[in-house]
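Q: I am new to this structure and would like a close look at a single part of it. Please take me through that part step by step.

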Amino acid sequence: MDSCFATLCDFLISPSSFLPFAVAAAAAIIIIIIIYKTIRRPSTPPLPPCPFRLPIVGNLPFLDPNLHSYFAQLSCTHGPIFRLHLGSKLAIIITSPSLSRQILRDHDPTFANRDVPAAAAAISYGRSDIVWNPIGPTWRMLRRICVREMLSPTNLDAVYHLRRRELRSAIRQIQSAAISGAVVDVGAEMFLTVLNIITSMLWGGTMEGEEERSAVGKMFRHLVGEITELLGRPNVSDFFPAMSRFDLQGIVKEMTVLLERFDGIFARIIEMKREKGLKDEKKVEEKMDFLDYMLMLEEKGNESKEPFTINHVKALLMDMVVGGTETSSNTIEFAMAEMMNKPETIKQAQEELDKVVGKDNVVEESHLPNLHYLNMVIKEVLRLHPALPLLVPHCPSSSCAIGGFTVPKGSRVFINVWAIHRDETMWEDPLDFKPERWSYGDAAGSSEFSYFPFGSGRRICAGISMAERMVLYSLASLLHSFDWKMAPGITKMDLSEKFGIVLKKAKPLVLMPVPRLSNPQLYS
Ligand code: HEM
């Protein structure tokens, strides 16, 4: 027994026999630790970085009203993806082409939903429109009706005479101002023009007479301005949903009043349409305007299985009136302001117009594809002043890893297209208005996600083809028909911007028109 025990002790303490055992044990421990760490490693990446914040209110007290430039500043310190705690709402801010590509292309199905602000829910007939509808069969039906049916190139061609009528009417108005030596508020004039173009395409000849059209136009400008202002205003109800029923800032109440006013106008026009339709039984399909068409779908059904209700009709009217007017007219206003500060751009655009259109002619839409320089001007304006600087915020339907960070389900994702368009690592002299950069195919301009003023993916703007025609046609007509002078005492246009869901010029652009065509008939 004793000798047995001694043999065992000898074996254990003998260095030659202990060493392999110790190495094997150490290796086993290391392997166990590695496996344990691997299993324990969190499967989700961390949240994006966040600037200093306070308890409960988070980053809210530090927000600057000009969100687009404020977010751009923060991205210089916190990188191309960072987070803000807006009360209990998590906001993720994206400021790079590669991360925008991940969201709008690679993970588009996940990010194509909306985090709907209380104000938006109040104005969209309970999310019956395109902008705020969740992705699904109803949204697909509405987009199809809007993009493929109403705003198709063939349909837009068919209603060219309406765009022409409204634009010629604007040129006449500006000519009267020129004759009397008056100044013109370019933004206001263009808003009215775009509104009249859109509403005449929507409900055509229902508004009889200049006076009624102009009165409705003025009222709409006021209403649309208030809506986009309220949609961009930070709202406690969105940051602390538990308090939303108190509507502490009264934003939903204000929106409800605005909705009632719009609804009254829509209901009246629809009623007039129906009465007219009854009298005019022989109405043929080609003569239908968009509202006729939508009312027909509402009555007779459409090719999808989804019901198309009167609320959808009104919500689509709202999308086009609210989504199409300020976006387009503000772009024209910024274009004129940028060009006024660089008179050589006006000279070059007018030389091109004189060559393509001629001074004894008026601009037609058929001229637009040949106006290469002016096309570059519009691209450059939308680079520097994209109408929706943060797009319409997206919202992931499930948590998703982006750029090595987790973007949690339900967060509000702002894509700062304004900042991406001004990124000095991608654009040469990014703050300079240089239309000619588009002629030599600026490297940044050729990459899809360094320039996307209309968004990208499923939620890309539904009105691009119409916007492109209206903006270019209007700008071409303004520059072809008139020379423009700054008001007395002003030597440089102020280009500062005011943030709202739609970007505005902080100060209206007021200019003096001077007729440049010799034949007065061309203004009539
Ligand atoms: C210069 C003019 C315009 C610009 C720069 C512009 C830009 C945009 C942008 C950036 C979005 C959001 C994309 C996103 O969420 O990622 C959008 C959405 C939309 N736009 Fe436009 N837009 C313009 C004119 C128009 C016009 C004229 C209409 C219609 C008449 C229109 C109708 C819409 C609609 C319905 C949506 C919502 C699409 C959806 O959520 O599925 N837009 N637009």
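**A strand, its partner and the ligand shell**

A: In this predicted model, strand β6, which spans residues 412-415, is covered on both of its faces, with R412 and F414 buried on one side and V413 and I415 buried on the other. Strand β6 is paired with strand β2, residues 89-94, and the two run in the parallel sense, joined over four bridges. Within this pairing, the residue that stands opposite R412 of β6 is A91.

From the strands we can turn to the ligand and the residues around it. The ligand is surrounded by 24 residues, of which R114, R143, H394, R459 and C461 are the closest. Two of these closest residues also appear among the polar contacts: H394 places a polar side-chain atom 2.8 Å from an oxygen atom of the ligand, while for R459 an N or O atom of the side chain is 2.9 Å from an oxygen atom of the ligand. A further contact involves W139, where an N or O atom in the side chain is 3.0 Å from a ligand oxygen atom.

Seen by helix, α7 (137-150) and α15 (310-340) each contribute at least two residues to the shell around the ligand, and it is α15 that gives the largest share, with six residues. Sorted by class, the shell is made up of twelve nonpolar residues, eight polar residues and four charged residues.

Notes
Residues are numbered from 1 along each chain as its sequence is written. This is a predicted model: local features need pLDDT of at least 70, side-chain atom pairs count only at pLDDT 80 or more; totals for chains, interfaces and linings use all residues. Side-chain values use heavy atoms; hydrogens and water are left out. Buried means under 20% relative accessible area, exposed over 50%, partly exposed in between (1.4 Å probe, protein chains only). Two strands pair if DSSP finds at least two bridges between them. A residue is near a molecule or strand if one of its heavy atoms lies within 4 Å of it. A polar contact is a pair of N or O atoms within 3.5 Å; within protein, one must be able to donate a hydrogen and the other to accept it, and residues adjacent in sequence count only if both atoms are side-chain atoms. Ala, Val, Leu, Ile, Met, Phe, Trp, Tyr, Cys and Pro count as nonpolar, Asp, Glu, Lys and Arg as charged, and the others, Gly among them, as polar.
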